[in-house]
Amino acid sequence: MNRLRGTVLTLAHLPSGYLAYAALVTQPQGAWDESTLTGIETACALLIVLSAATFLLALPPVRRRTLGRWWLAPALAFLLVGAARWTYIVQTYPQGPGG
């Protein structure tokens with residue numbers, strides 16, 4: 001049963017890994033590149049939501065001690081990456097007047 005839970009959690013982390021990669025690698029060409037900035041922010045928002053869901057999925061087996069506490073680490077790491085990248089984008093490329 002633990003192997004099944006571990007497999008499900010591993011498969012749940014794959015989309016998070018893809019979103020984290022997309023959010024970190026995609027670079028806007030400038031402050032005027034709104035479509036790319038919106039894409040990065042969307043990837044970060046989805047990453048945060050998916051990481052929170054994965055964390056909540058992993059929490060019950062960890063609390064029952066059927067899985068180790070380290071199973072929470074990837075979800076927390078992805079959550080941190082999403083929040084940090086989103087904060088960086090908002091601080092570095094502030095929305096101009098009329099936008």
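Helices α2 (34-63) and α3 (73-92) each contribute at least two residues to the lining of the largest pocket in this predicted model. Of the two, α2 deserves a first look, as the largest share of that lining, 4 residues, comes from α2. The volume of the largest pocket comes to about 150 Å³. Its lining is made up of E34, L37, T38, E41, I89, V90, Y93, P94 and Q95. Sorted by class, the lining of the largest pocket holds 5 nonpolar, 2 polar and 2 charged residues.

Between the two helices that help to line the pocket runs a loop, and two arginines in it invite attention. R65 sits in the loop between α2 and α3, and its backbone stands out: R65 has a positive phi, about 65 degrees, although R65 is not a glycine. The relative accessible area of R65 is 75%, and because the cut-off for an exposed residue is over 50%, R65 counts as exposed.

R69 is also placed in the loop between α2 and α3. With a relative accessible area of 71%, R69 is likewise exposed. A link in space to an early part of the chain can be given for R69: its C-alpha atom is separated by 12 Å from that of G6, although R69 and G6 are 63 residues apart along the chain.

The surface offers another feature to explore, this time one that involves the N-terminal residue. M1, L4, V8 and L57 together form a nonpolar surface patch, with a combined accessible area of about 420 Å². Two members of the patch, L4 and V8, can be described in further detail. L4 belongs to helix α1 (residues 2-25), and V8 is found in helix α1 as well.

The accessibility of these two residues falls into separate classes. L4 has a relative accessibility of 53% and therefore counts as exposed. V8, at 42% relative accessibility, counts as partly exposed, because that class lies between the limits of 20% and 50%. V8 also has a partner that is remote in sequence: V8 and A58 are 50 residues apart along the chain, while their C-alpha atoms lie 9.5 Å apart in space. A58 directly follows L57 in numbering, and L57 is itself a member of the nonpolar patch that includes V8.

Key
Residues numbered from 1 in each chain as written. Predicted model: local features only at pLDDT ≥ 70, side-chain atom pairs only at ≥ 80, totals over all residues. Heavy atoms only, no water. Patch = residues over 30% accessible without salt bridge, like charges linked within 9 Å, V, L, I, M, F, W, Y side chains within 5 Å. Areas by Shrake-Rupley, 256 points an atom, 1.4 Å probe, with all protein chains shown as cover. Salt bridge = Lys/Arg side-chain N within 4 Å of Asp/Glu carboxyl O. Buried < 20%, exposed > 50% of the residue type's maximum accessible area, 1.4 Å probe, protein only. 1 Å grid on protein atoms, 1.4 Å probe; cavity = no way out; pocket = protein on both sides within 12 Å on 5 of 7 lines; lining within 4 Å. Points joined across faces, edges and corners; volume = space filled by probe spheres on them. Nonpolar A, V, L, I, M, F, W, Y, C, P; charged D, E, K, R; others polar.
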